[in-house]
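Q: Please take a close look at one part of this model, chosen so that the rest can be understood from it. I would like the surroundings of that part explained as well, with the cut-offs behind each term.

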Amino acid sequence: MNISREEKVEMFKDMVRIREFEDRAQQIYREGKLNGHLQTCQGQEAVAVGAIRAISKKDIVFSNHRGHGHYLARGTPAKKIMAEFYGKVTGTNCGKSGGMYLVDVKRGMMVASGIVGGNICLAVGSALASQIRKDGVVTLSFFGDGATNIGLFHEGLNMAALWNLPVVFICENNQYAEATKREEHQKIKKISDRAISYGMPGVTIDGTDVIKVYKTVKEAVERARRYKGPTLIECVVYRLTGHSAGDLGAYRPKGEEEKWRETYDPVRIFQTQLLSEGVLSQIEVERIIKEAREEVEEAVQFAEESEEPSVEMAYQYVYQEKN
Ligand SMILES: Cc1ncc(C[n+]2csc(CCOP(=O)(O)OP(=O)(O)O)c2C)c(N)n1
Ligand SMILES: [Mg+2]
């Protein structure tokens, strides 16, 4: 599977956009400008970008509470996501949800679920619909390591395997579920080992390697599209931040984050790779970072200048409107 220089550059751009967006959003949250929770995905950019680039336009994605990167990679405008954080009417959900439940149906981004493991069965339902319609659509479900202990994970994967549904399960194993280290919430060494008990292929990969993620997901998507059944892909990453923007991660062993940052920062790894391959020059890298920052600042300005939703809007989109 050959990946062109242009594709690599596009992937790098998206990873930088996500990193810049998340760093800035976290900063804004810490300035006390946003309500609710904000779970950012620094350290997981390669999963979002690699996986989303491996699907086609008609495919469907169910994201989770750490999903901003999935949306940015799919093309949801940064300004609409930022406006949603601010609770503004111009946000993806008209300011009604905040960052945890982003929706962009037009781009096949059905919903991000703040219910841990909640999107797994929604994705299985979507894949069942595709199988009945024979529409050739594949559904992706993103979730964390913590979600793999939830009942819905077992029920969903079992049914998907049994019926050969066109769905790919992508576990972003970022070593923590809130403040609980993975070794303290499950005994298995590899989450992908669970796949065998449902009768589907399971694979553990380096989730900081965007090309590896892309190739692995692409293969699983092609398999699913031929109705050969689902795959469980465990992407090993590290959450380069606290659980949410208000969490400084004091429960982590001293130096742990720094160690991962030095060795497994996906953005830095890919940047070094592209520089050494001669795909990008240092000047081009700097330009990409500058453009990403400009896009994020425009998003912040748009969000701050946008209107609050009206009181009447509280009752809109709650129930299906008649006709
Ligand atoms: C069903 C359910 N239980 C508990 C919570 C509270 N909660 C929110 S995020 C989270 C941790 C999830 O960990 P993981 O699945 O590893 O995802 P990560 O946050 O690491 O991306 C928990 C327990 C919830 N939202 N939903
Ligand atoms: Mg986790």
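A: The account below starts from strand β4 and then works outward to the rest of the chain.

This is a predicted model, in which local features need pLDDT of at least 70 and side-chain atom pairs count only at pLDDT 80 or more, while totals for chains, interfaces and linings use all residues. Residues are numbered from 1 along each chain as its sequence is written, and chains are lettered from A and ligands numbered from 1 in the order in which they are written.

Strand β4 covers residues 167-173; helices (H or I, at least four residues) and strands (E, at least two) are DSSP runs, numbered from the N terminus. Of its 7 residues, 7 are buried, so β4 is largely enclosed by the rest of the structure. Here a residue is buried if 20 or more other C-beta atoms lie within 10 Å of its own, exposed if 12 or fewer, and partly exposed in between, with C-beta atoms placed from the backbone. In a regular strand the side chains alternate between the two faces of the sheet. In β4, Val167, Phe169, Cys171 and Asn173 point one way, whereas Val168, Ile170 and Glu172 point the other way, and all are buried.

Strands of a sheet pair through backbone hydrogen bonds, either parallel or antiparallel. In this model two strands are said to pair if DSSP finds at least two bridges between them. Strand β4 pairs with β3 in the parallel sense over 6 bridges, and it also pairs with β8 (residues 231-236) in the parallel sense, over 6 bridges. Cys171 appears in both pairings: it is the bridge partner of Phe143, and it stands opposite Glu234 in β8.

These pairings belong to an open sheet of 6 strands, which run in the order β2-β1-β3-β4-β8-β7 with parallel pairing. At the edges stand β2 (109-113) and β7 (202-206), each of which pairs on one side only. From one strand to the next the twist averages 20 degrees; axes are lines fitted to C-alpha atoms, for helices over the stretch in contact, and angles run from 0 to 180 degrees between N-to-C directions. Helix α5 (residues 118-133) packs on this sheet and touches β1 (60-64), β2, β3 (139-144) and β4, and its direction makes about 170 degrees with that of β3. Two residues are in contact if their C-beta atoms, placed from the backbone, lie within 7 Å.

Beside β4 in the sheet, β3 has a further role, since β3 and β5 (176-177) each supply at least two residues of the shell around ligand 1. A residue is near a molecule or strand if its C-beta atom, placed from the backbone, lies within 6 Å of it. Of the 16 residues around ligand 1, Val116, Gly144, Gly146, Ala147 and Ala177 come nearest. By class the shell has 6 nonpolar, 6 polar and 4 charged residues, where Ala, Val, Leu, Ile, Met, Phe, Trp, Tyr, Cys and Pro count as nonpolar, Asp, Glu, Lys and Arg as charged, and the others, Gly among them, as polar.

A helical counterpart is α4 (residues 78-85), where 8 of the 8 residues are buried, so it too is largely enclosed by the rest of the structure. Its buried residues include Lys79, Lys80 and Glu84, and what covers the buried residues includes α1 (5-30), α3 (68-74) and α10 (282-305). Just after α4, Gly87 takes a positive phi of about 70 degrees.

Other positions are less enclosed. Lys212 lies in helix α7 and is partly exposed, with 15 other C-beta atoms within 10 Å; leaving aside its neighbours within four places in sequence, Lys212 is in contact with Ile205 and Asp206. Tyr227, in the loop between α7 (210-225) and β8, has a positive phi near 55 degrees. Tyr317, in the segment after α10, is exposed, with 12 other C-beta atoms within 10 Å.

Taken as a whole, the protein has 10 helices and 8 strands. Its radius of gyration (taken over C-alpha atoms; the globule rule is 2.2 Å times the number of residues to the power 0.38) is 19 Å, close to the 20 Å that the rule gives for 323 residues, so the protein is as compact as a globular protein of that length. Of the 323 residues, 49% count as buried.
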